[in-house]
Amino acid sequence: MPPNKMQSFKPVVYIPETLQKQLERIQSYPIIVLQAPSGFGKTTVISEYLSQLDMHQVYWYTCMGEPIRKAWNGICKTFSHIDTSVAKQLETLEYPTQENLVDIAEIMSGCDVAGDTWFILDNFQYIQSKLPERILYALSRYRCPKLHLVVITHSIDAMDISGIPADQAIFIQNDAFFFQKEDIDAYFRANKIVLSRDELDRLQMLSEGWVAALNLQLIRYLQEGDFEATDSMENLIRTVIWKNLEPDEQRLLIAVSLLERFTMEQAYIFLGKNTLPAGIDRLLGGGSFLYYERENGTYTLHSLLQSFLRQELRRLPVGEIRRMQKLAGDAYAAIDERFYALCSYLEAGELEALLSLPLKAADFSLYPEDGSAEVLERVFRECDREILVRHPQTLAMITFELFRTGSYAAFMKGCSLMEDMISGPEQNGLNKDDTRKLTGQLALLQSFAAFNDIEKMSALHRKAWEVLDGPFSNRNDWNDSWTFGQPSVLYLFWSVSGALDRELTCMDECLPYYIRLTEGHGTGADCAMRAEALLMRGEDITAEELCHKAIYLAGAQEQDSICIAAEMVLLRIALLRGNAEAFENVRKSILKRAQIGVEPTVKRMADLALSFVSVLIGDNSVPEWLTDLNQITANLYNVAVPFGVLTHLRWLFSQGQDAKMLGIAQGALPAVEKHHFLLPQVYFHLFIAVAYHRLGQKEAAEAALDCALSLALPDGVFLPFAEYGEEIVPLLKLRKKQSGMTKLIELYRRHKIGVEKVRKATRICQLTPREYDVARLAAGGLTNRDIALRLFISQETVKTTMKNIFQKLGIRSRVQLQELKNTGKI
């Protein structure tokens, strides 16, 4: 059979009558959900129907199983074609969480469009499980009646649509997509084929009303004059499509199946020329198994066809598979998707191409779920030394990234390789300038091996500056959070008990060399560290001055992590002084920085800073990710994980989960001892002492407290004990003769008074963020049902929350709540 038979025919799309009637209603709804398994024609149907309506403002994003951060980034970029301002605001949220659903709803409420506009989220099932409940409700909160959100998915959970009023959404599900006999007959007649009754019965039996099968059987009928006697989709695709393609066309389809989606230019890369084979050209021009997204100029394969192609890929010789994977790497590199290019080259064994990629730190920030550390470790395992030494800049970047992800053995291997290269520059093909650059880069990387010994690190920074005679590299290639995504400089660099003053002096002397070397990275960190250390001793006046200096200096260099570190100190100062107004102002400043900051980890730093302090004033709600140790590990760099665990422990303490707090603190201690992080050591021992004390194990409590005090008192670090003095006062009194204990007790009393003042001065500060939102809406006259809908929670949750609000605020009615609002207290 001539191969052009299939290629020259494009079936007319037919929409079953039942489905047509439901589609005729969709213009009246802000949200439309099409739910059915793969192969039911959801994408084809909505595309055809909107085309029939002559809708031109249709914007499409197809999820392909990418990490949630990358998917959200793609969704926001697609939405920018509809409303640039809204898209930009959504993108600053990083990705949806239960905590920011209200923010998403508020942002979407500001969306406006000129005419009927359709935003389509296809293959939504790939990201559904990674998104919070009621995300669809939040996304559909726009007030513009001309904007419609269409969600195409395999299945929809009850909680995904919970809260969406019946008049706001239409759900078109499996049954509507099935073709009855009369639909099959009409479909074939629309394509100029009249079936006999026997043929119709046979086709109904073979396809079971499944449009993907019907479409292929239609093409088969045109080719052969009969139907394929199978109900297997794989056999249908093979017979109807695959066997009618030329070998070069088959190879191209297999190759592009390696990509999430592809552009015409990427297809040309696989072909090695700028013209497409006739059969592929026809497929790209339209059909049921390959879709074009106009907004970003990309094509996506239907999941059924992609699954078939992946099976065909596995049947190919190993050499051919690797050739295609290499071309996939070229295709990803062509659109600057360097992480996926790296992965493709690695699978292909094309290590030279991999190491030729101009990698940057930002190339790894969107893919934590894809295990970038494991990928980079594999690069080192599989690359011969001879290949690595030919690419010193990429070697340096990979080595730095391995340190950030906590792959310390691989990091040291990278440093060792760079040393070998420098020791024999001529043998390794390095000229004088290359050797100089590599020597300077190695010195900086080796400084991380000395982390957190400030003097040793600084000696290497000075060496790097002397060798390079200028900055280390393009800061944008390497820049990220100076504090590794957590909000405390003291946490990172207080490493020796009794040596804090020397470490502060050393930081003052040494940091300028690093700042000069990195063109401003870390500016203000010395001020932030000293401010935090002074606050630990109760010296809040000087600490406050230094915080403002740190924020000014760091802000000028867009050092979000340093700004947030200083602001967290200011938040704790406000609490110590009992200054509720200052506390609230700093809190708002941190929240604003989380929205406008430039560092990739700024939102998580803000979460950590606010949660670390807010639990002390009775705010027991923290972001969902901080209540789960697995999420803490997944969301933070390895260096920052202990601070995340510490924040988690403070939350557990507020929840009264003593046994769990005890077990986690004991388990986390060895890691922080290994890396010489004294601040979390003090806190972990303190939490162990508190837990044992609550559990009635006095001797164990005293032993743990003695460990904490032995680390902290030599440096006058009193604040951790002051924060939890209520729990350990009986134990502290037994140690009142110890040096520094008098100041510690005084700071405890002052801190206790300050916390109470904040609570009493502004009673609303006692409320959790969720309680505050409920109180504000209730004071505005909304009913429980209205509040539940607005905040994406159940009415029962609203009822329980209202009881907590009344109890905390000492009131008995909504009238009193409204009075608080009228006086500006809510």
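This report walks through a predicted model of a protein, from its overall build down to a few single residues.

## The big picture

Let's start with the parts list. The protein's secondary structure adds up to 47 helices and 7 strands. Its radius of gyration is 31 Å, and the globule rule gives 28 Å for 826 residues; those values are close, so the protein is as compact as a globular protein of that length. If you draw a box along the principal axes, the C-alpha atoms fill roughly 100 × 85 × 50 Å.

How much of the chain is tucked away? Of the 826 residues, 59% are buried. The chain also meets itself across long stretches of sequence: take the contacts with a separation of 6 or more, and 71% of them are between residues 24 or more positions apart.

## Surface and charge

Now for the outside. The accessible surface is about 33800 Å², and carbon and sulfur atoms own 49% of that.

Which charges does the protein carry on its side chains? There are 89 positive and 104 negative ones, and the centres of these two sets sit 5 Å apart.

## Two nonpolar cores

On to the inside. The largest nonpolar core counts 234 residues, and F493 and F721 have the most contacts within it. Which helix gives the most to this core? That would be helix α33, covering residues 560–577, with 13 residues. There is also a second, separate core of 44 residues, with V86, L101, L131 and A138 among them.

F493 is worth a click in the viewer. Skip its neighbours within four places in sequence, and F493 is in contact with F451, N452, I454, M457, W482, E503, M507 and M529.

R572 is a resident of helix α33. Is this arginine buried or exposed? Its relative accessibility is 5%, so R572 counts as buried. Beyond residues up to four places away in sequence, R572 touches E532, L535, M536, F612, V613, Y683, L719 and E723.

## Unusual backbone spots

A bit of background first: most residues other than glycine have a negative phi, and most peptide bonds are trans. With that in mind, look at the bond joining F451 and N452: this peptide bond is cis, with omega at about 5°. N452 sits in the loop between α26 (432–449) and α27 (454–468). Both F451 and N452 are on the contact list of F493.

Two glutamates catch the eye as well. E519 is not a glycine, yet its phi is positive, at about 55°. You'll find E519 in the loop between α30 (500–517) and α31 (525–536), and with a relative accessible area of 42% it is partly exposed. E558 also has a positive phi, near 55°, without being a glycine. This residue lies in the loop between α32 (540–556) and α33, and at 49% relative accessibility E558 counts as partly exposed.

## Loop residues, buried and partly exposed

Where does P471 sit? It is in the loop between α27 and α28 (475–478). With a relative accessible area of 38%, P471 is partly exposed. Leaving out neighbours within four places in sequence, its contacts are W465, R516, L517 and E519, the last being the glutamate with the positive phi. From P471 to G667, 196 residues along the chain, the C-alpha atoms are separated by 41 Å.

Being in a loop doesn't stop T263 from being buried: it lies between α15 (247–256) and α16 (264–271), and its relative accessible area is 12%, so it falls under the 20% cut-off for buried. T263 touches G297 and T298, once residues up to four places away in sequence are set aside.

The loop between α35 (602–614) and α36 (629–635) holds I617, and D619 lies in that loop as well. I617 counts as buried at 4% relative accessibility, and D619 is buried too, with a relative accessible area of 8%. How far is I617 from S654? They are 37 residues apart in sequence and 9.9 Å apart in space, going from C-alpha to C-alpha. For D619 and R251, the separation is 368 residues in sequence and 59 Å in space, again C-alpha to C-alpha.

Technical notes
Residues are numbered from 1 along each chain as its sequence is written. This is a predicted model: local features need pLDDT of at least 70, side-chain atom pairs count only at pLDDT 80 or more; totals for chains, interfaces and linings use all residues. Side-chain values use heavy atoms; hydrogens and water are left out. Helices (H or I, at least four residues) and strands (E, at least two) are DSSP runs, numbered from the N terminus. The radius of gyration is taken over C-alpha atoms; the globule rule is 2.2 Å times the number of residues to the power 0.38. Buried means under 20% relative accessible area, exposed over 50%, partly exposed in between (1.4 Å probe, protein chains only). Contact means heavy atoms within 4.5 Å. Accessible areas come from the Shrake-Rupley method with a 1.4 Å probe; for residues, only the protein chains shown count as cover. Lys and Arg count as positive and Asp and Glu as negative; His and the chain ends are not counted. The place of a charge is taken as NZ of Lys, CZ of Arg, CG of Asp or CD of Glu. A nonpolar core is a set of buried Ala, Val, Leu, Ile, Met, Phe, Trp, Tyr and Cys residues joined through side-chain atoms within 4.5 Å.
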